[in-house]
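The following paragraphs are intended to be read beside the sequence and the model. They proceed from strands to loops and then to helices.

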Amino acid sequence: MNDMTTIPSGHYRLGEMHEFSAADQPFMYLVSAGAIFALDEGAHAVLRRLETESLSHGELVAALLDSGYTRQDAEELIRELLFVHGIVSDKVSLSPAPAPSAPPADFPLQALVLNITNQCNLACTYCYEFGADKIATPQGKPKFMSLETAKTSVDFLLRKSAGRQAVHITFFGGETLMNFPLLRDVVAYAREQAEAQGRGIGFSLTTNATLLTDEIIAFLSDNEIGVTVSMDGPPDLQDKRRVYKSGKGSYAVIEPRLRKLIANHRTRAITARVTLTDGVTDVIRIFRHLKEDLGFHEVGFAPVTNSGERDYMIDDNGMDEVLRQFHELADEWLEYALRGQMHGFSNVSETIGELIQGVNKSHPCGAGLGLLGVSPSGDLSPCHRFTDADTHTLGHISTDIDAEKREDFLSRGHVESKYECQSCWARPLCAGGCHHEAFVRYGDTGHANLHYCDWIRQWTDTCLRIYGAVSVLNPEFLERFAARKGIS
C-alpha cells in the first residue's frame, strides 16, 4: 500500500489493464504491475466510465460516493489504484511504472542444464536436437560429456551463483540415461561440493524412459531427482513419431518401465511432457492415459517447434481444436481446485503459479539469465535447446561467459525490444515467447512469436478467470497450491 497522504490533482484516466470477471466478481489485470486487483460492483462501474472519458479528482470521488462509498473509502481506493497504476493522472505520476528492467551483467546463475550426451537411441521425427540450427554430429566435438567437463561445470555453477543459497542441475540429452554412469558420479560430486559451502543443490532430468532399470529408478528416488518423461500418449500416438531408427514404436518398451518408475520413485513428482504434432492433437485422450492410466503426477503439452513448413506442423484448425481441449481440461482444473484437489494439467498450474507470484517478465524465461546450457564439450549456450548451435555459443565453462554475446542475446530478447508486444496486455507473462521457437520460426531469437499471440491471450484470460474464481470461492486452495509449488 502506498503511504502517500496526498493525491495528485488533475484528471484521471484508466491505466493499461485487462478486465475479466469470475464468480460474479469483476477483476482488473494490471499490465504495468503484472498484478490482479479485485473490485466491487460500484468501483467497477465507475472505472468503466474512465474507458471513455477522463474525470477530475472531485468527479471521481463524487461518482464513488454515488456508488455507496464513504469519502474516506473513496479517497483510499483512488490512492491505491494510483499506486498500482489502475488509474493514472495527467498531472503527476505516483511511482511511475517502468518497463521490466534487464538483470545486471553479473546476475548470478541459478541453474545449469548439462547435456551429458547429444546421442539418442530413438529417432523422433520432430526432434529439435537436429533442427535447422544444428548439425547432427558437431565436427570434432565429443558425443558424451566427460567427468572432467561435468565437474568443471559444477564448479562453474557454484562459482557463478554467488549469493544463492540453493542451485539446480538438470541432466539432458540426447537421451540422458545413455550416460547414466556420469550422471551418478556428478550427483555425488555436486552434492559434496555444495555441502562443503553450506549450500543446497537439487537435481532433475528428462528422459524418453527406454533405458530405465530398477537400479536407475532406485537411484533417482534415493537422490530425490525429479523426472520429466518425454512421451506423446497411448500406443497409437506415442508410436506415430517417437520411434527407433528402425521405425519401430517405443510405447511397448517404455510402458512397463514407466509403471515401475511411478510406483517406486517416491521422493519427487513424475511429470510427462507431450509434444503436439499433426495427428497427435487428441489432448484429452492423451491426458487421460498419462494421468489416469499410467499415473503421472503432472502432464504438460506444447506444440512442436518448427519453421512452419514441416509436415508434422499443426495447421490453424488443429490449433483451434487443441485450444478447445485445453479449455475443457482447464474447466476440470477449476472444478478440482474448488473441491480442494490437485488436477495435474500443468499448463494451468504453471500459469497460476506465475499469477500468484505476480510475475512481470523482462524475458520469456531464464535462458541466458539464471540458466545456461552446457554441451558435452563444455560450450555454454542460452539453454539446452541451443546446445551445439555454434551461432549461439555464450562461452565455455573452462573460461567464462562471453559477456558481450550474453548481453546481445538478452537485449534482443527483452520484451521492450519487441515492438509487437508493446500493445499486448499479456506481455507480463509471455514477454514474446520462447527464444528458440522464435529463431526456428523467424531466424531471430528476439522476434516475438506472433503465430501464438492469439492463443496466448486466450489462454492467459482463461487462467486469470480460474485464478479469480478460486480466489473468491476457495482461497485456501491457492495458499496450499503455492506452498506445494514452493512459491513464496
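Which residue stands opposite F27 in β4? The residue opposite F27 is A38. The model in which this pair is found is a predicted one, and its chain averages a pLDDT of 91, with 92% of the residues scoring at least 70. Confidence is not uniform, however: over residues 130-137 the pLDDT stays under 50. For that stretch the model has 16 contacts beyond four places in sequence.

The strand β4 belongs to an open sheet of 3 strands, which has the order β2-β3-β4 and antiparallel pairing. Its edge strands are β2 and β4 (35-38), each of which pairs on one side only. On average, and with direction ignored, neighbouring strands of this sheet are turned by 25° against each other. The antiparallel pairing of β3 and β4 extends over 4 bridges.

The loop between β2 (17-22) and β3 (25-30) contains D24. This residue has a positive phi of about 60°, although it is not a glycine. Is D24 buried or exposed? Its relative accessible area is 77%, and D24 is therefore classed as exposed, since the exposed class begins over 50%. A second non-glycine residue with a positive phi is E224, for which the angle is about 55°. E224 is placed in the loop between α6 (214-222) and β10 (225-230). With a relative accessible area of 48%, E224 is partly exposed.

Another loop calls for attention on account of its backbone. G173 and G174 are joined by a cis peptide bond, with omega at about 25°. Of these two, G174 lies in the loop between β8 (166-172) and α5 (180-196).

A further loop, between α12 (403-413) and α13 (427-430), holds C424. The relative accessible area of C424 is 14%, so this residue counts as buried; the limit for that class is under 20%. Neighbours within four places in sequence aside, C424 is in contact with E16 and R457. By contrast, S398 is 26 residues away from C424 along the chain, and the C-alpha atoms of the two are separated by 41 Å.

V253 offers a buried position within a helix, namely α8 (residues 251-264). Its relative accessibility is 18%. Once neighbours within four places in sequence are left aside, the contacts of V253 are with T210 and Y244. V253 and A209 are 44 residues apart in sequence, and their C-alpha atoms are 8.5 Å apart in space.

The last step concerns the packing of helices. Two packed helices are described by the angle between their axes and by the distance between those axes. How do these values stand for helix α10 (residues 316-338) and helix α15 (residues 453-473)? The two helices pack at an angle of about 10°, and their axes are 10 Å apart. Because of that angle, α10 is roughly parallel to α15, the cut-off for this description being under 35 degrees. Residues of α10 that make the contact include M319, F326, H327 and W333. From α15, the contributing residues include W455, Q458, W459 and T462. By class, the contact of α10 with α15 has 15 nonpolar residues, 3 polar residues and no charged residues.

Notes. Residues are numbered from 1 along each chain as its sequence is written. This is a predicted model: local features need pLDDT of at least 70, side-chain atom pairs count only at pLDDT 80 or more; totals for chains, interfaces and linings use all residues. Side-chain values use heavy atoms; hydrogens and water are left out. pLDDT is the predictor's confidence in each residue, from 0 to 100. Contact means heavy atoms within 4.5 Å. Axes are lines fitted to C-alpha atoms, for helices over the stretch in contact, and angles run from 0 to 180 degrees between N-to-C directions. Angles under 35 degrees count as roughly parallel, over 145 as roughly antiparallel, 65 to 115 as roughly perpendicular and the rest as oblique. Ala, Val, Leu, Ile, Met, Phe, Trp, Tyr, Cys and Pro count as nonpolar, Asp, Glu, Lys and Arg as charged, and the others, Gly among them, as polar. Buried means under 20% relative accessible area, exposed over 50%, partly exposed in between (1.4 Å probe, protein chains only). Two strands pair if DSSP finds at least two bridges between them.
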